[in-house]
Amino acid sequence: MPCQSNQELDVLIRKVSPYTKHGKVADYIPALGKANPSDLSIAIHYPDGMCISAGNIEKKITLQSISKVISLALVLLDRGPDYVFDSVGMEPTGDPFNSIAKLESVSPNRPLNPMINAGALVVTHMIKGNSVEQRLQRLLSFVQKLAGDSTISYCEEVARSEFETAYLNRSLCYFLKQHQVIDENVEQLMDLYTKQCAIQMNCLNLARIGQVFAMDGIDLKLGKRVIPHDIARICKTFMVTCGMYNASGEFAIKIGIPAKSGVSGGIMGAVPGKFGIGIFGPSLDEKGNSIAGIKLLEMLSKEYNLSMF
Ligand code: DON
């Protein structure tokens, strides 16, 4: 079995931490601009409950785009794949995560996949409940179940900061509303979406969620299935084809691990049948992925032969 000790991860963290200087933290959401670019932490969660970690593991991060995998799993559970994929596609875009370009050129005008912002907004729109509060609570309970931690909540400051500045996401919503892909009040949807993206946890929680996806939806520690096999499979496939945005192809070739990144610098990895990975490193490359986080995964994958291809 690969990588058994905190010390092995410590060595990796020391090797890659110089890379944090080559990127920069996201600041288009003003509150994320406060992150310390030199932060770096990693946790690996094995199905038997063993967890190893290194770096500043107590630090909490907001999920941002990583939340898109979890909200997708929830709406697939609630509504089934036919309903969901009637409004959002399954193809990678090759465009940045917040691009509006292809929405106009594809017919019908539905987002190409649920990992870009336009697609994630459609997915969040589908979360069931009678109010934003109720829908957020359903999503939070699901996250808490996957992470095995009932204290997980969202960061109000980051949610508010994104809500006050998300003009591009609002544009995506209005476009989708014009084309009847969504039929919700845009401010209400933005309220839910920004709170979803601001759900916060440490890299140990993130690794445990990754582990559930790695094990096809089974939480072996609880001894039960928490996501149907088919839904875990769909989510993992999106992580491979679209999880790192327009860097997904290179990531698949160099690293070969289903993974999802977020602009807060988080990466959740799911090594099929083996373990989950949670990484936090807020210094980002030009495509919005954690620069040192990707290096960490590259070294781990090479050293322990983790590519699924
Ligand atoms: O909607 C946004 O722009 C953010 N809440 C999430 C984007 C994100 O994390 C993209 N990740 N690399």
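These are my notebook entries on the domains, sheets, helix packing and odd backbone spots of this structure.

**Entry 1: the model and its domains**

I kept in mind from the start that this is a predicted model. I looked up how the chain is divided, and the domain assignment gives domain 1 as 6-61 + 202-304 and domain 2 as 65-197. So that I could place the two, I checked their centres, taken over C-alpha atoms, and found them separated by 21 Å.

Next I went to where they touch. I noted 29 residues from domain 1 and 27 residues from domain 2 in the contact. Which elements give two or more residues to the side of domain 1 that touches domain 2? I found helix 10, helix 11 (229-242), strand 8 and strand 9 there. Helix 11 gives the most to that side, with seven residues. I also sorted this side of domain 1 by class, and got 17 nonpolar, nine polar and three charged residues.

**Entry 2: the sheet of five strands**

I traced an open sheet of five strands, and wrote down its order as 2-1-10-9-8, with antiparallel pairing. Which strands stand at the edges? They are strand 2 (51-55) and strand 8 (259-261), and each has a single partner strand, so one side of each is left without a neighbour in the sheet. I checked the twist too: neighbouring strands are turned by 10° against each other on average, direction ignored.

I then followed one pair inside this sheet. Strand 1 (residues 41-45) runs antiparallel to strand 10 (residues 275-280), and five bridges pair them. As one spot to click on, I picked isoleucine 42, whose bridge partner in strand 10 is isoleucine 279.

Something also packs on this sheet: I found helix 10 (residues 203-214) touching strand 1, strand 2, strand 9 (266-271) and strand 10. The direction of helix 10 makes about 145° with that of strand 10.

**Entry 3: the sheet of three strands**

I found another open sheet, with three strands in the order 3-5-4 and antiparallel pairing. Strand 3 (61-62) and strand 4 (153-154) are at its edges with a single partner strand each, so one side of each has no neighbour in the sheet. I looked at how strand 3 joins strand 5 (residues 199-201), and saw two bridges between strands that run antiparallel. For threonine 62, I noted glutamine 200 as the bridge partner in strand 5.

**Entry 4: helix 8 on helix 9**

I turned to helix packing. Helix 8 (residues 167-178) and helix 9 (residues 186-197) have axes 10 Å apart and pack at an angle of about 130°. That angle makes helix 8 oblique to helix 9. The crossing of the two is right-handed.

I listed who makes the contact. From helix 8 I have Asn169, Arg170, Cys173, Tyr174 and Lys177, and from helix 9 I have Val186, Leu189, Met190 and Tyr193. By class, I get six nonpolar, one polar and two charged residues in the contact of helix 8 with helix 9.

I also checked the loop between helix 8 and helix 9, which is the place of glutamine 180. Glutamine 180 is not a glycine, yet I noted a positive phi of about 55° for it.

**Entry 5: helix 2 on helix 5**

I did the same for helix 2 (residues 67-79) and helix 5 (residues 117-125). Their axes cross at roughly 40° and come within 9 Å. Helix 2 and helix 5 are therefore oblique to each other. Left-handed or right-handed? I have the crossing of helix 2 and helix 5 down as left-handed.

Helix 2 brings Lys68, Ser71, Leu72 and Val75 to the contact, and helix 5 brings Ala120, Val123 and Thr124. I classed the residues in this contact of helix 2 with helix 5 as four nonpolar, two polar and one charged.

**Entry 6: a cis bond**

Last, I looked in the loop between helix 4 (101-105) and helix 5, where I found proline 108. Cis or trans for the peptide bond from serine 107 to proline 108? I noted the bond as cis, with omega near -5°.

Technical notes. Residues are numbered from 1 along each chain as its sequence is written. This is a predicted model: local features need pLDDT of at least 70, side-chain atom pairs count only at pLDDT 80 or more; totals for chains, interfaces and linings use all residues. Axes are lines fitted to C-alpha atoms, for helices over the stretch in contact, and angles run from 0 to 180 degrees between N-to-C directions. Helices (H or I, at least four residues) and strands (E, at least two) are DSSP runs, numbered from the N terminus. Angles under 35 degrees count as roughly parallel, over 145 as roughly antiparallel, 65 to 115 as roughly perpendicular and the rest as oblique. A crossing is left-handed if the near helix is turned anticlockwise from the far one by less than a right angle, and right-handed if clockwise. Two residues are in contact if their C-beta atoms, placed from the backbone, lie within 7 Å. Ala, Val, Leu, Ile, Met, Phe, Trp, Tyr, Cys and Pro count as nonpolar, Asp, Glu, Lys and Arg as charged, and the others, Gly among them, as polar. Two strands pair if DSSP finds at least two bridges between them. Domain bounds come from an automatic or database domain assignment.
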